[in-house]
Amino acid sequence: MANNDDLAKLIIGCKHGDSKCFSQVVDIYASRCYGYFYRLTGNRDLSDELLSELFVKLVEKIASYKGGSFEGWLFRVASNIFHDYLRSKQRRKKLLDVHKEQIESEIVEPKKSGNEQIDLLEIQLKKMDDDTRELIMLRFYSQLSFKEIAKMRSEPIGTTLAKLHRGLKKLRELMK
Amino acid sequence: MNSRNDENLKELFERFLSAEQAESGVEDILKAEQILRQHPAPEPDNMLIANIKAEIAMRLPAKRTKIFTKTAYRVACAAAAILVVSAISLSLFDNGASESGQEQYSSMIPTAIWESDDIATDDADLAIFTIEIEQIEDELRTLQLGESAGNGDSSLSQLEMELVAINNDFWKE
């Protein structure tokens, strides 16, 4: 992983439109961001799509990054992309409910690719509520501190800590 | 930056829980994170990463063109603003100049008259006007003394007409 100085240089390069710097940022963060999307959606195709969208957004929005934790900024963009996806999914669900009879055969949930295996963790994560699951993934993949996560979610640090503790405790129990 | 590595979880928990509960809380978090590490999410395909990089490379020139266009527009706007300001300044300057010309309003009065000691003789119009007034004064005096040989009414009306004519002539000039 790049140290802070290297990362700062890369970000400056990105701000100047240097494609090599963008490529390096992709190399550094693609895996973690992909893991974040995958654990939230449980679907590879969808995660591919969301990851591509994230880096396209990165190109568009890099000028708006004004310092501070880059991970925090990047995962905030990732979180917004995921929430946009959830909203569009909800809209499609509503549309499906309205026209259920006509389009019942159309499956809204994206299907899994043939070679995908559902692991135990994925099954247990689905038993948790969306917010807790997202919080756990944000903490694990973004590697942000509680303070940064609380700031990102605009909630008191005690609330973030309590929610995450409850969630992880539950996950531990489910995984036993 | 307040990184995760600098974070003291136990200390953080102890702000909200007792020391014992804090210890248990930290253990819960560390063990759950251990589970997450033991079940890694799949890695993105190399093909996907290559596609993303290609997409970025494709978008960058467009972005640069956008930036260039934006800059060009800004420069054009600035140039236009400078031109407008210059034009306004010039027109104001011109007005100022003509206003200063108006300050030469005194030139409408001939310098000879302006510097004259006897305006009544130096100004031709005024001299004529003065002569006419003197003529009228004479006629009036004649009338008052009854020296007029003709009809007094007609002399008065003639005098009146003359006055009107003089008045018109004066204002015409």
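This is a short dialogue on reading a predicted two-chain model.

Me: How many residues of chain B are in contact with chain A?

Reply: Start with the cut-off: two residues are in contact if their C-beta atoms lie within 7 Å. Here 31 residues of chain B are in contact with 36 residues of chain A.

Me: Which elements of chain B give two or more residues to that side?

Reply: They are α2 (19-38) and α3 (46-102) of chain B. α3(B) gives the most, with 11 residues.

Me: What is the make-up of that side by class?

Reply: Sort the residues of chain B that touch chain A. There are 16 nonpolar, four polar and 11 charged residues.

Me: Where do I look for the largest nonpolar core?

Reply: Look for buried nonpolar residues joined through C-beta atoms within 7 Å. The largest such core has 42 residues. A:C33, A:F37, A:L51 and A:F55 have the most contacts inside it. Helix α2 (residues 19-41) of chain A gives the most to this core, with 10 residues.

Me: What does A:F55 touch?

Reply: Set aside residues up to four places away in sequence. A:F55 then touches A:V26, B:I52 and B:I56.

Me: How do I read the span of helix α9 of chain A?

Reply: Compare the end-to-end reach with the expected value. α9(A) covers residues 157-174 and has 18 residues. From first C-alpha to last, α9(A) reaches 25 Å, close to the 26 Å expected at 1.5 Å a residue.

Me: Which residues of α9(A) are buried, and what covers them?

Reply: Buried means 20 or more other C-beta atoms within 10 Å. In α9(A), the buried residues include A:T160, A:L164, A:H165 and A:L171. Their cover includes α6 (120-126), α7 (130-142) and α8 (146-152) of chain A. α1 (9-14) and α2 of chain B are also part of that cover.

Definitions and conventions:
Residues numbered from 1 in each chain as written. Chains lettered and ligands numbered in written order. Predicted model: local features only at pLDDT ≥ 70, side-chain atom pairs only at ≥ 80, totals over all residues. Helix = DSSP H or I, 4+ residues; strand = E, 2+ residues; numbered from the N terminus. Nonpolar A, V, L, I, M, F, W, Y, C, P; charged D, E, K, R; others polar. Buried ≥ 20, exposed ≤ 12 C-beta atoms within 10 Å, placed from the backbone. Expected span 1.5 Å × (residues − 1).
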